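Please open the model in a viewer and keep the sequence panel visible. The tour below proceeds by selection, with a short account of what each selection shows.

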Amino acid sequence: MEKEIFVTKSSLPAMEDYVNEISDIWESHWLTNMGIKHKTLQSLLKDYLEVENVDLLTNGHMALELSIQALNLQGEIITTPFTFASTTHAIVRNGLTPVFCDINPDDFTIDANKIEALITDRTSAILSVHVYGNVCDVDAIQAIAAKYGLKVIYDAAHAFGVKYKGKGIGSFGDVSCFSFHATKVFNTIEGGAVCFGDKNKDFGLDIYRLKNFGIRNAEVVDAVGANARMNEFCAAMGICNLKRIDVCLKKRKRLVEEYRSRLSDTDGLHLSEPQKDVQQNYAYFPIVIDEKRFGATRNEVLAKLAGHNIFPRKYFYPLTNTFDAFHGRFDVDKTPTALRISKRVLTLPLYEELDITDVARISDIVRSCKK
């Protein structure tokens, strides 16, 4: 029986490295509440991501949800439906209305040329997503935001370590939110972060209070907050994984190059090309299947791979504006490019420990579906 290959597999440090990192926790008994590991990882990430400020949270979703609260956003937020559920849910759970903008067919990020037409007197922000490590048109988005006085939040869950024009991706917008979930390029088992500039010091205070029950100090609680603090064991995993992130990215790059060499000349397969001025992180390898030219549908390719114990993912499908939770609320016909791609996209297995011979085998199976 062929071995199982899933779309991703969590990167882990050597067990002895993690055990060594957490050993002093048994001495301190400090398990959570912004301890030494938390503060150490926070400092390391600030340097690695090249941002002015970082705060750590229990996961990437709470980073998004609490950032919306900390910015005191109201009304409508322009966003993309081609994303994970968290992006849209963070808006809705805050009592705001997502207004869905279509995407760019080349890099799958929000189409900046279509944002302005969606702005109303109720619009308070743009929440855009860096998809598969592809960077949004941050220059155009910032120009639109400045013109209309809007806040900009980036969901950077896929973009850890990415740079645009030599600048860390977390430094764009008013806030950038990262996920450190186990499936990400960089993980803390579970975790997330918000990055923001020095000009947003008030945001920093608010996000800290929101993640810590609204507590300002030992005797003053002047906000209504949640509990979204990263614990010491997750922070310790982050410290260990950050030490080896460059090795991880190098391995992922080699795998992506192998996929490209084997699939780029296949008629009917669209591969997202590397973006100009972007330092990649090789987070995902999506292919978009044009069934008319390729001769097989996305689901047929998926089934053929599954028959060999290989399990890619229809990522992102379905679009968030078609979720049953929002039945009848949004018009999916307003985002036709996103709808078309969601029905044809397949993200192939990609993770640090994936063997390059497996990439060759996966690619051969995909190509064998062509008629």
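Two residues are said to be in contact when they have heavy atoms within 4.5 Å of each other. The model on display is a predicted one.

**The whole chain**

Begin by selecting the entire protein chain, shown as a cartoon. The chain contains 13 helices and 17 strands. Its radius of gyration is 21 Å, close to the 21 Å that the globule rule gives for 371 residues, so the chain is as compact as a globular protein of that length. Along the principal axes, the C-alpha trace spans about 70 × 55 × 40 Å.

Next, display the surface. About 16400 Å² of the protein chain is exposed, and carbon and sulfur atoms supply 51% of that area. Of the 371 residues, 56% are buried. Colouring by charge brings up 45 positive and 48 negative side chains, and the centres of these two sets lie 3 Å apart. Among contacts between residues at least 6 apart in sequence, 71% join residues at least 24 apart.

**Cys136**

Now select Cys136. Where does Cys136 lie? The residue belongs to the loop between β5 (123–129) and α6 (138–148). Is Cys136 buried or exposed? Its relative accessibility is 3%, and because buried means under 20%, Cys136 counts as buried.

Show the surrounding side chains. Leaving aside neighbours within four places in sequence, Cys136 is in contact with Thr109, Ser128, Val129, His130, Ile141 and Tyr154. Then add Asn104 to the selection: Cys136 and Asn104 are 32 residues apart along the chain, and their C-alpha atoms are separated by 9.4 Å.

**Met62**

Move to helix α4 (residues 60–70), where Met62 is found. Met62 has a relative accessible area of 16% and is buried. Which residues does Met62 contact, leaving aside its neighbours within four places in sequence? They are Leu57, Ser67, Ala226 and Ala228. Ala90 may be selected as well: Met62 and Ala90 are 28 residues apart along the chain, with 7.9 Å between their C-alpha atoms.

**A sheet of three strands**

Select β7, β8 and β14 together. These form an open sheet in the order β8-β7-β14, with antiparallel pairing. At the edges stand β8 (167–168) and β14 (278–279), each with a single partner strand, so one side of each has no neighbour in the sheet. Looking at one pair in detail, β7 (residues 163–164) is joined to β8 in the antiparallel sense over two bridges. Lys163 has Gly168 in β8 as its bridge partner.

**Strand β15 and its partners**

Finally, select β15 (residues 285–289). Five of its five residues are buried, so this strand is largely enclosed by the rest of the structure. Rotate the view to inspect both faces, each of which is covered: Phe285, Ile287 and Ile289 are buried on one side, and Pro286 and Val288 on the other.

Add β13 (residues 269–271), which pairs with β15 in the antiparallel sense over three bridges. Here the bridge partner of His270 is Val288 in β15. Then add β17 (residues 345–348), which runs antiparallel to β15 and is joined to that strand by four bridges. On this side, Val288 has Val345 in β17 as its bridge partner. The tour may end with Val288 selected together with His270 and Val345.

Note on methods. Residues are numbered from 1 along each chain as its sequence is written. This is a predicted model: local features need pLDDT of at least 70, side-chain atom pairs count only at pLDDT 80 or more; totals for chains, interfaces and linings use all residues. Side-chain values use heavy atoms; hydrogens and water are left out. Buried means under 20% relative accessible area, exposed over 50%, partly exposed in between (1.4 Å probe, protein chains only). The radius of gyration is taken over C-alpha atoms; the globule rule is 2.2 Å times the number of residues to the power 0.38. Accessible areas come from the Shrake-Rupley method with a 1.4 Å probe; for residues, only the protein chains shown count as cover. Lys and Arg count as positive and Asp and Glu as negative; His and the chain ends are not counted. The place of a charge is taken as NZ of Lys, CZ of Arg, CG of Asp or CD of Glu. Two strands pair if DSSP finds at least two bridges between them.
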